Amino acid sequence: MILNADSRSRLQTLITELDDENTLELVRNLLAGGADRLELLDACLEGLNAVGRKYEDGHYYVAALVMAGELMGQILAEINIQALELEPGQMGPKGSILLGTIEGDIHDLGKDLVKGVLQTSGFVVYDLGVDVAPEIFMAEAIRRQPDLVGISVLLNTSRQPLKRAVDLLKTMMPPGQKRPRLIIGGGAVSQDFFEISGADVWSRDLLEVAAQCSRLIAAGD
């Protein structure tokens, strides 16, 4: 069942308000009614992004980020990402991706959801974790030689390190080593920022990320 606009908006509002009891009740009701799990996750990520924006605007403090993270953990347990019916990889892995949240940003839920979707879809994922310096992305890209590098950023204050990571990955690869294609995403990424970032693709759509990664790998051949 497709998640309707009213339910999506209500879910995002409850998460933004850190209303854990009513959020979880709504998630359970939507799941019982047959709501699509991926669409639920996508709506929840929008709510999480809104919490991040409130933090940056000074309306929320660090405690709110912690509360939002705990709430998203409970939501993930209800949705059960391992039960998602995604297209499996058919002839071995579809490709490899180095994944991490950029320096200055400790948010891992969006990254972890993308990781789960990509793994279920047949990709090999090397997870660097959170608060990853641009130089670490560079060093691990040289060591792992992935097809793709995916960088997540929720906070606008971490845009500059992300831009530096993209610049390093595009210009400093060793001679003879193929440059990985670059995908960026998260609440701080917009079309305008993507255009100045130098990345190959941007995404804030959990429903499309696996397809985008597949297209990037195909385009790099």
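Buried means under 20% relative accessible area. Keep that cut-off at hand for this tour of a predicted model.

**Stop 1: L18**

Select L18. It sits in the loop between helix 1 (5–16) and helix 2 (20–32). Is L18 buried or exposed? Its relative accessibility is 16%, so L18 counts as buried. Now check the backbone. Phi of L18 is near 60 degrees, a positive value in a residue other than glycine.

**Stop 2: R8**

Step back to helix 1 and pick R8. This residue is partly exposed, with a relative accessible area of 22%. Show what surrounds R8. Setting aside neighbours within four places in sequence, R8 is in contact with L3, E39, D42, A43 and E46. For a long view, add R159. R8 and R159 are 151 residues apart along the chain, and their C-alpha atoms are separated by 28 Å.

**Stop 3: helix 3 against helix 4**

Color helix 3 (37–56) and helix 4 (62–79). In general, two packed helices are described by the angle between their axes and the distance between the axes. Here the axes of helix 3 and helix 4 come within 10 Å. They cross at roughly 175 degrees. Angles over 145 degrees count as roughly antiparallel. Helix 3 and helix 4 are therefore roughly antiparallel to each other.

Next, show the side chains between them. Which residues of helix 3 meet helix 4? They are R37, L40, L41, C44, L45, L48, V51, G52 and Y55. Across from them, helix 4 offers V62, A64, L65, A68, M72, I75, L76 and I79. By class, this contact of helix 3 with helix 4 has 15 nonpolar residues, 1 polar and 1 charged.

**Stop 4: C44**

Stay on helix 3 and center on C44. Its relative accessible area is 0%, so C44 is buried. Beyond residues up to four places away in sequence, C44 touches L11, I15, M72 and I75. Of these, M72 and I75 belong to the helix 4 side of the contact you just saw. Now measure from C44 to A77, C-alpha to C-alpha: the two are 13 Å apart in space and 33 residues apart in sequence.

**Stop 5: the largest pocket**

Select L48, V62, L65, V66, G69, I106, H107, D108 and L109, which line the largest pocket. How much space lies in the largest pocket? About 160 Å³. Helix 4 gives the largest share of this lining, 4 residues. The lining divides into 6 nonpolar, 2 polar and 1 charged. L48 and V62 may look familiar: both also take part in the contact between helix 3 and helix 4.

**Stop 6: the cavity**

Turn on a cavity display. The structure holds 1 cavity of 30 Å³ or more. About 430 Å³ of space lies in the largest cavity. Its lining has 32 residues, and the closest to its centre are G110, V114, S152, G185 and G186. Now highlight the elements that give two or more residues to this lining. They are helix 3, strand 1 (95–101), helix 5 (109–120), strand 3 (148–152), strand 4 (181–185) and helix 9 (209–220). By class, the lining has 15 nonpolar, 10 polar and 7 charged residues.

**Stop 7: C213**

Go to helix 9 and select C213. With a relative accessible area of 1%, C213 is buried. Which residues does C213 touch, not counting residues up to four places away in sequence? I97, L118, F123, L148 and I183. For scale, add E78. C213 and E78 are 135 residues apart along the chain, with 27 Å between their C-alpha atoms.

**Stop 8: S96 and Q145**

Move to strand 1 and pick S96. At 10% relative accessibility, S96 counts as buried. Not counting residues up to four places away in sequence, S96 touches V124, Y126, Q145, P146, D147 and L148. L148 is also touched by C213.

Finish on Q145, one of the residues that S96 touches. Q145 lies in the loop between helix 6 (134–144) and strand 3. Is Q145 buried or exposed? Its relative accessible area is 53%, so Q145 is exposed. Check its backbone as you did for L18. Phi of Q145 is near 50 degrees, a positive value in a residue other than glycine.

Technical notes:
Residues numbered from 1 in each chain as written. Predicted model: local features only at pLDDT ≥ 70, side-chain atom pairs only at ≥ 80, totals over all residues. Heavy atoms only, no water. 1 Å grid on protein atoms, 1.4 Å probe; cavity = no way out; pocket = protein on both sides within 12 Å on 5 of 7 lines; lining within 4 Å. Points joined across faces, edges and corners; volume = space filled by probe spheres on them. Helix = DSSP H or I, 4+ residues; strand = E, 2+ residues; numbered from the N terminus. Nonpolar A, V, L, I, M, F, W, Y, C, P; charged D, E, K, R; others polar. Axes fitted to C-alpha atoms, helices over the stretch in contact; angles between N-to-C directions. Parallel < 35°, antiparallel > 145°, perpendicular 65-115°, else oblique. Contact = heavy atoms within 4.5 Å. Buried < 20%, exposed > 50% of the residue type's maximum accessible area, 1.4 Å probe, protein only.
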